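Please open the model in your viewer and keep the sequence beside it, since this tour moves from one selection to the next.

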Amino acid sequence: MTPVDVTPAVEVLEAAKSVTILCHIQPDADTVGSGLALAQVLRRRGVPVVVSFAEPAELPVSMRSLPGTELLVSPDRVPREVDVLVSVDCGAAGRLGALRDRLTGATTTLVIDHHRSNTRFGDVDVVDEAAESTAGVIARILDAWGEPIDRDIAHCLYAGLVTDTGSFKWVRAGSHALAERLLATGIDGATITRTLMDTHPFAWLPMLSRVLASAQLIPDAANGAGLVYAVVRREDTEAVRSEEVESVIDLIRTTAEAQVAAVFKESRVEPEHWTVSLRSHANDDGTPGVDVSRVGAALGGGGHRYAAGYSTAGPVSDLVANLLRELAHP
Ligand code: MN
């Protein structure tokens, strides 16, 4: 597969007079790291720039030590009109949440992403589904642009790279080369990773105990590939952060008897409103496994072949039935 041409992104950014960078709702370190890295480059070039995301109201605690957070503004402070609006790591306009309305006030919209399900909602779309992370796409754009990656920018890009590869478990050719380049700037990779991925409050342990007890295995789901799922109810999440809730899928998906894993996460504000994480993987013989990007998209969301999600509402039994029905499609 020939790599996606990043030149159109460079041309838009080179000519930009002012820039708004938007990250996706419920931001992860790939969207925030990518956004802050690009914002710091633009600031260095003297271009007015802000970064934002629609929800939640606060940046997740684990990301607060990223360089460039002073460029983050609350959604109400995102200008209505701007020369260039860049969305990073968003597969669809809906991932911008309430800030989606800013798309219409921009002279040019630029979408930088790596989601297989990307709907190409920008005037210019640089979507590289072969990239392991949006941070990796940003690195390629900076190289093509001739903008050096300094230590602070490397810190932000490393944050995206290490989280989207699950600490370098899901890597592609080039992932380690990028990591080596970023580490060579002097960043502390071990501390960045521990802060982002390997630090939880004690309350995580009793939460996991309750949630893992809800796990169910349906071996004949997905035409025999199998489904394992767990349910995170709102009362389970009172003492923990989004980071702890998001960690559950990484335990559930290790189940040997099921290729597909799902975690149903109840909203903290609206009872029986859920976001659903889906994971899958290749077959042991290397042939492609269940495409959860397709499943997520069919249920109103999207994502990557082996990592996707969607939002839904209703009792758990209905959610499971709907998911099983969609998984039964070949
Ligand atoms: Mn990503």
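Begin by selecting Asp30 and His114 in this predicted model: Asp30 is buried, and His114 is buried as well. Asp30 lies in helix H2 (residues 29-44) and His114 in the loop between S4 and strand S5 (124-127), so that, at 84 residues apart, the pair links distant parts of the chain.

Now add the manganese ion to the selection, and you will find that Asp30 (OD), Asp89 (OD), His114 (NE2) and Asp164 (OD) coordinate the manganese ion at 2.1 to 2.3 Å. Read along the chain, the donors of this ion follow the spacing D-x58-D-x24-H-x49-D.

Next, select strand S3, residues 82-88, which is mostly covered, with seven of its seven residues buried. Show its neighbours too: strand S1 (residues 19-23) runs parallel to S3 and is joined to it by five bridges, while six bridges join S3 to strand S4 (residues 106-113), also in parallel. Leu85 in S3 is a useful residue to centre on, as it stands opposite Thr20 and also opposite Thr109 in S4.

Finally, select Cys23 and Cys90. Which cysteine sulfur is closest to that of Cys23? It is the sulfur of Cys90, 7.2 Å away, and because a disulfide needs the two sulfur atoms within 2.5 Å, this is too far for a bond. Cys90 is accordingly in no disulfide, and the count comes to zero disulfides. Both residues are nonetheless covered: Cys23 is buried, with a relative accessible area of 1%, and Cys90 is buried, with a relative accessible area of 0%.

Key. Residues are numbered from 1 along each chain as its sequence is written. This is a predicted model: local features need pLDDT of at least 70, side-chain atom pairs count only at pLDDT 80 or more; totals for chains, interfaces and linings use all residues. Side-chain values use heavy atoms; hydrogens and water are left out. Buried means under 20% relative accessible area, exposed over 50%, partly exposed in between (1.4 Å probe, protein chains only). Helices (H or I, at least four residues) and strands (E, at least two) are DSSP runs, numbered from the N terminus. Two strands pair if DSSP finds at least two bridges between them. Donors are N, O and S atoms within 2.8 Å of the metal (3.2 Å for Na, K and Ca); water is not among the atoms, so sites may look incomplete.
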